[in-house]
Amino acid sequence: MANDNESRMEKTVNSLKEEYNSIRTGRASASIFDKVRVDYYGTPTPLNQVGSISVPEARTIVISPFDKSLISAIEKAIQKAELGLNPSNDGKVIRIAIPPLTQERRKELVKQAKSVAENYRTTIRNIRRDGNDSLKKQQKAGELTEDQLKTETDKLQKITDKYIEEINTVYAAKEKEIMD
């Protein structure tokens, strides 16, 4: 039971890390395109499956489509993703200049990251609540003694504290990355 709750909490933290990858900072990073889908012959396909993404400089991203006919579809997908980026192409590759972030925009991004972190903390607490409800049902059904219930509840709280702390650490790192 505790392992199931712990694996759900771990997945929650991993999901937070993935979501933070899509929050743009001042540096060029291929991971900001993780959620971008390109219309590839009628099928929404991840950008990294229709072209290679490279970061030759700190503020530049180059996308080389495997199929040159997809250049306009890739540009449209990037614009539709509302990342605040303007792709330009030379017929062979797409270049994206990452504009430096203003202080105001950095503060907005930190606020967004904080809100996202709070949502994930709530998810962790909900997993704990579900776990506690399950333990109480087991105790009512006679599968757990009062002492076992207390022990398992304490274990679940320790796991919860560990993952909330991990979320706080991931948030602090993202905040530092945005403000740099």
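Let me begin with tyrosine 40, which is partly exposed, with a relative accessible area of 32%, and with its neighbour in this comparison, tyrosine 41, which is exposed at a relative accessible area of 63%. Please keep in mind throughout that what we are looking at is a predicted model. The count of aromatic pairs here comes to 1, and that pair is formed by the rings of tyrosine 40 and tyrosine 41, whose centres are 4.9 Å apart and whose planes meet at 65 degrees, so the pair is edge-to-face. The angle matters for the label because planes over 60 degrees apart count as edge-to-face.

Let me turn to the strands. Strand 3, residues 51-57, and strand 4 run antiparallel and are joined by 5 bridges, with a hairpin of 2 residues leading from strand 3 to strand 4. Within that pairing, glycine 51 stands opposite proline 65 in strand 4. Strand 4 also runs antiparallel to strand 6, to which 4 bridges join it, and there isoleucine 63 stands opposite isoleucine 94 of strand 6. How many of the residues of strand 4 are buried? The number is 5 of 6, so this strand is mostly covered, given that buried means under 20% relative accessible area.

Helix 2, which covers residues 71-80, has Ile71, Ala73, Ile74, Glu75, Ala77 and Ile78 buried, and you will notice that a glutamate, Glu75, is included in that list. What covers these buried residues includes strand 1 (37-40), strand 4 (60-65), strand 5 (87-89) and strand 6 (94-97). After helix 2 comes glutamate 82, with a positive phi near 55 degrees.

Now for the longer helical segments. Helix 3, residues 103-140, has 38 residues, and its first and last C-alpha atoms lie 56 Å apart, close to the 56 Å expected at 1.5 Å a residue. Helix 4 has 34 residues and should span 50 Å at 1.5 Å a residue, which agrees with the 49 Å between its end C-alpha atoms. Just after helix 3, glycine 142 takes a positive phi of about 85 degrees.

Which residues have the most contacts inside the largest nonpolar core? They are Met9, Leu16, Tyr20 and Ile167, in a core of 25 residues, to which helix 1, helix 3 and helix 4 (146-179) each supply at least two residues. Apart from this core lies another, of 20 residues, among them Val38, Ile78, Ile94 and Ile98. As background, in soluble globular proteins nonpolar side chains tend to be buried together.

Methionine 9 deserves a closer look, since, leaving aside residues up to four places away in sequence, methionine 9 touches Ile124, Ile127, Arg128, Leu156, Ile159, Thr160 and Tyr163. Several residues of helix 4 are buried, including Leu156, Ile159, Thr160, Tyr163, Ile164 and Ile167.

Is arginine 121, in helix 3, buried or exposed? Arginine 121 is buried, because its relative accessible area is 12%, and, with the same sequence neighbours left out, arginine 121 touches Ile164, Ile167 and Asn168.

I will finish with glutamate 10, found in helix 1, residues 2-21, which is partly exposed, with a relative accessible area of 40%. The C-alpha atoms of glutamate 10 and glutamate 166 are separated by 9.5 Å, although these two residues are 156 places apart along the chain.

Notes:
Residues numbered from 1 in each chain as written. Predicted model: local features only at pLDDT ≥ 70, side-chain atom pairs only at ≥ 80, totals over all residues. Heavy atoms only, no water. Buried < 20%, exposed > 50% of the residue type's maximum accessible area, 1.4 Å probe, protein only. Phe/Tyr/Trp six-rings, centres within 6.5 Å; stacked < 30°, edge-to-face > 60°. Contact = heavy atoms within 4.5 Å. Expected span 1.5 Å × (residues − 1). Core = buried A, V, L, I, M, F, W, Y, C linked by side-chain atoms within 4.5 Å. Pairing = 2+ DSSP bridges.
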